[in-house]
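Trainee: Please take a close look at the nonpolar interior of this model and at what surrounds it. One connected account would suit me.

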Amino acid sequence: MVSVILETVYAFLISQTDVIMTVILLLVLAALWSMYVPNKFPPGPVAWPFVANSSGLKGDLSEFLIALSERYGGIFSVKIKGRKTVIINDIDMIREALVKKEFGGRPWRFFNDVLSEGGKDITDCSYSPEYVARRKLLIRLLRNATVRQRMEEAAREAFLQVKNSIDDINGKPFNPQPYLALVVGSAATSLCFGRKYNIDDPELREIICAFENVNERFDHEVLIEMFPILRHVPTKGVRESKKAVSDWLMLIQSKIDQRKSQHNEGAVYSLLDGLFKFLKDADESGRDVSGWLTDVNVRQILSNVFIAAMFPTVITIAWFVAYLVNYPDVQTRMQQEIDDVIGPENLLLSSDAGTLRYCRAVILEVLRIRTVALRGLPHKTLENTCLGGYSIPSGTEIWMHFGNVHMNSKYWHEPEEFHPERFLDEDGNALPTPNTFLPFSAGRRKCVGESVAMNLITFTCVSLFQHFTFSPAPGQDKPSLKPDSSEGFSQFLPYEVVAKRRTGRETD
Ligand code: HEM
């Protein structure tokens, strides 16, 4: 009996030792693998196993990457959150990578995967025939003149209500961000669902609130990004992320169902109407689109467009207000142009936008100096490839450092200076934007909403400064121009300003 027990204990210990030895061996192999640098891989600092480059663990990632670009130049590699990442700063290499199909993947991110229901959208879907088909369809729908006209009407109506609300504040300090979100949010709901809301409609507030809850969860789960297996552990963070997404997607689905019941077949006033019509036409002509456009894909395209439209557009307009409060001369010159071209009261029409050359230059300068997507959205190589004489294996994460390109003195004269005139010739005519200007990226995965964004930004910025003069809130600092870049986006710090109603041509 004793010998049986002893044998069992011995066998148990041996098996435990085996397990421990195997785990240690696997960890050593994984550590070695994580430190392995492929032949002719872009140079970079030595990294700790698994995690990141030591100096990149603390402090501002943007500053760390800029310091590395000064040391390694146009292309280098660095380990971030456990991933070997190639950072490209050189404009020719960026442009080459952006047009090459093999750079068209997207790396896996826990939250994006949950939000996109496994890449069923456009932004988080890797380059594939299904992705190309959805992207093409969205580009076509975004060009629809009726859809655009309706969206502009919604922005105009929302702006008039926001203008009244700002009037009601009566020169007291306020935070403009929620007002900007209402204008852009109204335009985005019209664009996506064909619904126009009053800015105090609880339904609109509910959509914006659910969007903000989702927005806050991006890039939260740092540990899961490093060790994806942890996504299966139902921590508080994982539960909160999933809850925010499920509330958001249920809301989107409810808007789809509402519209379906009211939809006048054939009429296209929004992206959703366009998607319904496309599906109906495909069905009638016997075309099978179920491989790339299911009900889930429809929900995902709308969720994707709403988030992609709201987030960077509101941030850009908020930067615009912050800059113009800091640069009152630029504000005055812009108001003069607005008074001359459209008058002090008429609302801007899209046909006027081309004649507001100085306003356009100011907007482009804000997009340059405070590039919202500092490093674009991450790309991933889909096969082994080369760039700039280096070899990059399939599956490598790629960041195009647009923010750094926009602030590089090799490409821009005095890049730290806020100088809208750089986009104008000596006679004040608009210059074509240089090929080093990439706030919307370029190539195969370029932002599909550039012209929608430019319409919304131009309309909102011009209308705000046509009707109000913005200045610092008494007793408070001017809005900070230092970005918070901790999440890879150039976020502004919350600020308050004062808006004084303009009465006609007071800049004369
Ligand atoms: C100031 C406003 C905006 C900025 C700065 C901006 C910038 C960008 C950038 C840098 C990308 C990544 C491109 C890449 O991966 O190479 C992107 C992607 C995207 N944007 Fe925008 N965007 C803005 C507004 C909009 C709007 C208004 C819409 C929709 C109407 C939109 C829809 C999208 C979509 C769907 C993608 C994914 C494209 C793809 O993966 O193929 N964006 N945007």
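**The nonpolar core and its surroundings**

Mentor: The largest nonpolar core holds 136 residues, and the members that touch the most others are I88, W248, L302 and F470. Helix α13, residues 295-326, supplies the largest share of this core, with 19 residues. The model is a predicted one, and side-chain atom pairs were counted only at pLDDT 80 or more.

F470 can serve as an example of the packing. Leaving out residues up to four places away in sequence, F470 touches F174, V321, V325, Q331, L464, F465, V497, V498 and A499. Apart from the largest core lies another, of 9 residues, including L61, F76, I87 and W399.

H401 has contacts in both cores. This residue sits in the loop between β6 (397-400) and α16 (402-406). H401 counts as buried because its relative accessible area is 2%, under the 20% limit. Beyond its neighbours within four places in sequence, H401 is in contact with L65, I66, I87, I88, N89, I94, L374 and R375. Of these, I88 was named above for the largest core and I87 for the other one. The C-alpha atoms of H401 and G376 are 6.9 Å apart, although 25 residues separate the two along the chain.

Two loop residues have a backbone angle worth checking. K81, in the loop between β1 (75-80) and β2 (83-88), is not a glycine and yet has a positive phi of about 45°. S441, in the loop between α16 and α17 (450-467), is likewise not a glycine and has a positive phi of about 65°. Their surroundings differ in class: K81 is partly exposed, at 23% relative accessible area, whereas S441 is buried, at 14%.

Nonpolar side chains also occur on the surface. L223, F227, I229, L230 and V233 form a patch there, with about 440 Å² of accessible area together. L223 belongs to helix α10, residues 222-226.

The cysteines remain. The count of disulfides comes to 0. For C209, the closest cysteine sulfur is that of C192, and the 18 Å between the two sulfurs is too far for a bond, since a disulfide requires sulfur atoms within 2.5 Å. C209 counts as partly exposed, at 40% relative accessibility, and C447 is also partly exposed, at 35%. Membership of a nonpolar core requires a buried residue, so neither C209 nor C447 qualifies.

Conventions
Residues are numbered from 1 along each chain as its sequence is written. This is a predicted model: local features need pLDDT of at least 70, side-chain atom pairs count only at pLDDT 80 or more; totals for chains, interfaces and linings use all residues. Side-chain values use heavy atoms; hydrogens and water are left out. A nonpolar core is a set of buried Ala, Val, Leu, Ile, Met, Phe, Trp, Tyr and Cys residues joined through side-chain atoms within 4.5 Å. Buried means under 20% relative accessible area, exposed over 50%, partly exposed in between (1.4 Å probe, protein chains only). Helices (H or I, at least four residues) and strands (E, at least two) are DSSP runs, numbered from the N terminus. Contact means heavy atoms within 4.5 Å. Patches are made of residues with over 30% relative accessible area and no salt bridge: like charges are joined within 9 Å, nonpolar side chains (Val, Leu, Ile, Met, Phe, Trp, Tyr) within 5 Å. Accessible areas come from the Shrake-Rupley method with a 1.4 Å probe; for residues, only the protein chains shown count as cover. A salt bridge is a side-chain nitrogen of Lys or Arg within 4 Å of a carboxyl oxygen of Asp or Glu.
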